[in-house]
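User: Could you walk me through this one before I start looking at individual side chains?

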Amino acid sequence: MPMQGGAEFNAALAGRIAAARAVTDLAVKAAAEQVARDTVDKLMLKEHARRTPTPSSPGEPPAMITGALKSSVTVTPVTHVGLDRFEAKVGPTKVYARIQELGGTAGRGARLPARPYLKPAFQEARHKVGAIFRAMWATIR
């Protein structure tokens, strides 16, 4: 015996799936923007003038001189990287961003200690990101 209402059920299910995907896309965007804001906040904790010793200790975020690193923090548009997998990337675009985060040997052989800012910002944003997703998914009807 054929199932009654199968077409309506499939249409309703397809609608819920589409709504969940659309909301998840928005949640990924909002979450990435939150991580970017928290990263910028980390980069504004301390500042100092050019050619003066940095007030940030190794292990602390770098102290701001010009704000260029902070201004270079970007969020890529959300992309779909697989079946129901979404991705957005957050990070700075300045060439020296990586060495500030991880430390290493710079030009002319100067050894810079790690001054992480991106990883700590992401770790601190995790509870906010979870709240973003819970709130947005709760709107799916």
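Analyst: Let me first fix one term: buried means under 20% relative accessible area, exposed means over 50%, and partly exposed is in between, with a 1.4 Å probe and protein chains only. This is a predicted model, in which local features need pLDDT of at least 70 and side-chain atom pairs count only at pLDDT 80 or more, while totals for chains, interfaces and linings use all residues. Residues are numbered from 1 along each chain as its sequence is written, and side-chain values use heavy atoms, with hydrogens and water left out.

User: Fine, so which residues of α4 are buried?

Analyst: In α4 the buried residues are Ala 121, Ala 125, Val 129, Ile 132 and Phe 133. An α-helix has 3.6 residues a turn, so residues three or four places apart point the same way.

User: And what covers the buried residues there?

Analyst: The cover over the buried residues of α4 includes α1, which spans 6-43. One place to look is Ala 30, which sits in helix α1 and is in contact (heavy atoms within 4.5 Å) with Ile 132 and Met 136, once its neighbours within four places in sequence are left aside. Ala 30 itself counts as partly exposed, because its relative accessibility is 21%.

User: How far apart are the C-alpha atoms of Ala 135 and Ala 27?

Analyst: Those two C-alpha atoms are separated by 8.9 Å, although Ala 135 and Ala 27 are 108 residues apart along the chain. Ala 135 belongs to helix α4, and it counts as partly exposed because its relative accessibility is 49%. Within the chain's N-terminal part, by way of another pair, Ala 30 and Ala 20 are ten residues apart along the chain and have their C-alpha atoms separated by 15 Å.

User: Where does α4 bend?

Analyst: The bend is at Arg 126 and comes to about 45 degrees, taken as the angle between axes fitted to the seven residues ending there and the seven starting there. Helix α4 covers residues 118-137, 20 residues in total, and its first and last C-alpha atoms are 26 Å apart, which is close to the 28 Å expected at 1.5 Å a residue; that expected span is 1.5 Å times one less than the number of residues.

User: Stepping back, what is the order of elements in the protein chain?

Analyst: Starting at the N terminus, the order is α-α-β-β-β-β-α-β-β-α, with four helices and six strands in the protein chain. Helices (H or I, at least four residues) and strands (E, at least two) are DSSP runs, numbered from the N terminus.

User: What radius of gyration does the protein chain have?

Analyst: The protein chain has 21 Å, whereas a compact globule of 141 residues would be near 14 Å; the radius is taken over C-alpha atoms, and the globule rule is 2.2 Å times the number of residues to the power 0.38. Along the principal axes, the C-alpha atoms fill a box of roughly 80 × 25 × 20 Å. Buried residues make up 30% of the 141 residues.

User: Where is confidence lowest and where is it highest?

Analyst: Among the points to note, confidence (pLDDT, the predictor's confidence in each residue, from 0 to 100) is lowest in strand β6, residues 111-112, at a mean of 91, and highest in strand β1, residues 74-75, at 98. The mean pLDDT of the protein chain is 93, and 98% of its residues reach 70 or more.

User: Which residue in the loop between α1 and α2 has a positive phi?

Analyst: Arg 51, which is found in that loop, has a positive phi of about 60 degrees although it is not a glycine, and it counts as exposed because its relative accessibility is 83%. Pro 55 is also found in the loop between α1 and α2, and it touches Lys 46, Glu 47, His 48, Glu 60 and Ala 63, not counting residues up to four places away in sequence. With a relative accessibility of 36%, Pro 55 counts as partly exposed.

User: What about Asp 84, which loop is that in?

Analyst: Asp 84 lies in the loop between β2 (79-82) and β3 (85-87). Asp 84 has a positive phi of about 55 degrees although it is not a glycine, and it is partly exposed, with a relative accessible area of 46%.
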